[in-house]
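Biologist: Could you take a close look at one helix and the contacts around it, and then set it beside the charged pairs found elsewhere? I would like one connected account rather than a list.

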Amino acid sequence: MIQIQEVNKTFRDEDTHVYALRDIHLTIDKGEAFGVIGESGAGKSTLLRLLNALERPDSGRVLVGDHQVNQLSRKDLRAYQKDVSMVFQQFNLLNNKTVEENVRLPLTLHQYDHPLTVDAVLNFVGLEDKKHSYPSQLSGGQKQRVGIARALISRPTLLLCDEPTSALDQNTTEEIVNVLKKAHEVFGMTIIVVTHELAVIKALCDRSAVMEDGRIVDIVSVQKSAELTDFKSYHERAIEVLTHA
Amino acid sequence: MPETLSIYIERVIDFAPRMVDSLWETSIMLFFAMLAAILVGLPVGTLLFLSADGRPNENRLINRSLNAVVNIIRSFPFLLLVVAMQPLIREVYGRATGDPIAASFPMIVIAIALYARFVEQSLMDVPNGIIETAQSMGATTWQMVWKFLYVEARSSLVIGFTTAVISFISYSTIMGVVGGGGIGDFAIRYGYQRYETDIMYTAIIVIIILVEVFQWFGLRLAKSIDKR
Ligand SMILES: Nc1ncnc2c1ncn2[C@@H]1O[C@H](COP(=O)(O)OP(=O)(O)OP(=O)(O)O)[C@@H](O)[C@H]1O
Ligand SMILES: [Mg+2]
């Protein structure tokens, strides 16, 4: 279970003061597929990044399982991060490494007891024939599949996705959503998806937080749809879209 | 015309042994400079990068002091650096003049400072997302450097090294001042002091060829390891 309690986060420069997160309370169940939506700058990424300690809160607590993430020592933090994977909007693949090497990367950083094999995970995302390719030889959708394969190989208990489809077109978005959906079904990890694309949440998530200006203004139960439908508007339409079948 | 040519060739053959000696001296100086650039310049540049403000290993004291040292060395006119280092070289090596190893000391110092800056620059060009990815995976700093930063920066590190080595060649030509020898010193001695102009130009052409070879080889290597 994930619990975020009374979390505040500000970014300070010399004269600017951005309240990225204000008084956040949130509980996410183990194995849940949870969405976070909101307009640009609402604080979605910051919220997500609390969970793997890429950001630290100014105040409050971030609890994941029995770890208090914001108070772990460096060593304990690494041990915690070992089982948390992230999928990025810009894929963040190493361009000088092959697909195979990219996917295997997490296994070279930590000792895992029961990781998946490169072949199994490439097969899972449908890229077995691209094993020896370099990222520059792949399309955007294929790159993101590599990103997902890299995230899955360690069998994470928590999968964080920050705008996983926002660099992709409609068709490719659908492919990626299906891969993530399948991953959730097969591996059963907790999965949190941050996006401004409502259709992605609708296809993937059980519940979704709606963020505005650093606050969670609502948490809605999603009526899942089998297909992606293209909706482009934000918060006001979110509830309408998400709560109707 | 064929006669002048044959005279020239004879003279070159005459001077060849001395030219080879001087090339050997240049090689010694370049060897130590290159070694220092890799063994010390690379880690110093990496440390400069890692310790900068806003980076995961931010450390003002280390960053500011390394920065100051590198800037001081690089802003020193090289000839003055050579002269200023004389007492130190004598202390460490026994003598400060008259051989290419003594002359390598200032070369080592400038090589470290110069390449450290190039390394820092190369690492700055690695997208921030790569560092973030390493962090999100719980990589140690060591792992982040070797498995992420150097992998993505490798061709630019090679190009920087090539550029640095070409500067080392240029710096090495000054070392005749302290009896370090080298091909640059050879050109100055025969061309400037003895008016053997043809021999001087020959030496300069040799230097140019040397630079071209390094440049060609460096670019080729950089290209072959760049999969971006
Ligand atoms: N490292 C940072 N330094 C300064 N300000 C930051 C930093 N990271 C985020 N912010 C600010 O905090 C606020 C929330 O940012 P965040 O990235 O969480 O928004 P977001 O909802 O993910 O937006 P987007 O949809 O554009 O990705 C924004 O105003 C942003 O400018
Ligand atoms: Mg964001």
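Modeller: A salt bridge here is a side-chain nitrogen of Lys or Arg within 4 Å of a carboxyl oxygen of Asp or Glu. The model is a predicted one, and in it the side chains of Glu100(A) and Arg104(A) form such a salt bridge, with an N to O distance of 3.5 Å. Both residues belong to helix α3 of chain A, where Glu100(A) and Arg104(A) are four residues apart, about one turn of the helix. The two partners can be told apart by their accessibility: Glu100(A) counts as buried because its relative accessibility is 16%, under the 20% limit, whereas Arg104(A), at 34%, counts as partly exposed.

Helix α3 of chain A, residues 99–109, also packs against another helix. Its axis and that of helix α5 of chain A, residues 140–152, come within 7 Å and cross at roughly 35°, and the crossing of α3(A) and α5(A) is right-handed. On the α3(A) side the contact is made by Val99(A), Asn102(A), Val103(A) and Pro106(A), which meet Val146(A), Ala149(A) and Arg150(A) in α5(A). Sorted by type, the residues of this contact between α3(A) and α5(A) are five nonpolar, one polar and one charged.

Turning from the helix to the other charged pairs, a search of the whole structure finds 15 salt bridges over all chains. One further pair in chain A joins the side chains of Lys131(A) and Asp119(A), at 2.9 Å from N to O. This pair links distant parts of the chain, since Lys131(A) sits in the loop between α4 (118–125) and α5 of chain A while Asp119(A) lies in helix α4 of chain A, 12 residues apart. Lys131(A) is buried, because its relative accessible area is 19% and the limit for that class is under 20%; Asp119(A), at 46% relative accessibility, counts as partly exposed.

In chain B, Asp53(B) forms a salt bridge with Arg60(B), and the closest N and O atoms of that pair are 3.2 Å apart. Asp53(B) is itself partly exposed, with a relative accessible area of 38%. Finally, there is a network of salt bridges that links Arg49(A), Glu55(A) and Glu132(B), with residues from chain A and chain B among its members.

Note on methods. Residues numbered from 1 in each chain as written. Chains lettered and ligands numbered in written order. Predicted model: local features only at pLDDT ≥ 70, side-chain atom pairs only at ≥ 80, totals over all residues. Heavy atoms only, no water. Axes fitted to C-alpha atoms, helices over the stretch in contact; angles between N-to-C directions. Helix = DSSP H or I, 4+ residues; strand = E, 2+ residues; numbered from the N terminus. Left-handed = near helix turned anticlockwise from the far one by under 90°. Contact = heavy atoms within 4.5 Å. Nonpolar A, V, L, I, M, F, W, Y, C, P; charged D, E, K, R; others polar. Buried < 20%, exposed > 50% of the residue type's maximum accessible area, 1.4 Å probe, protein only.
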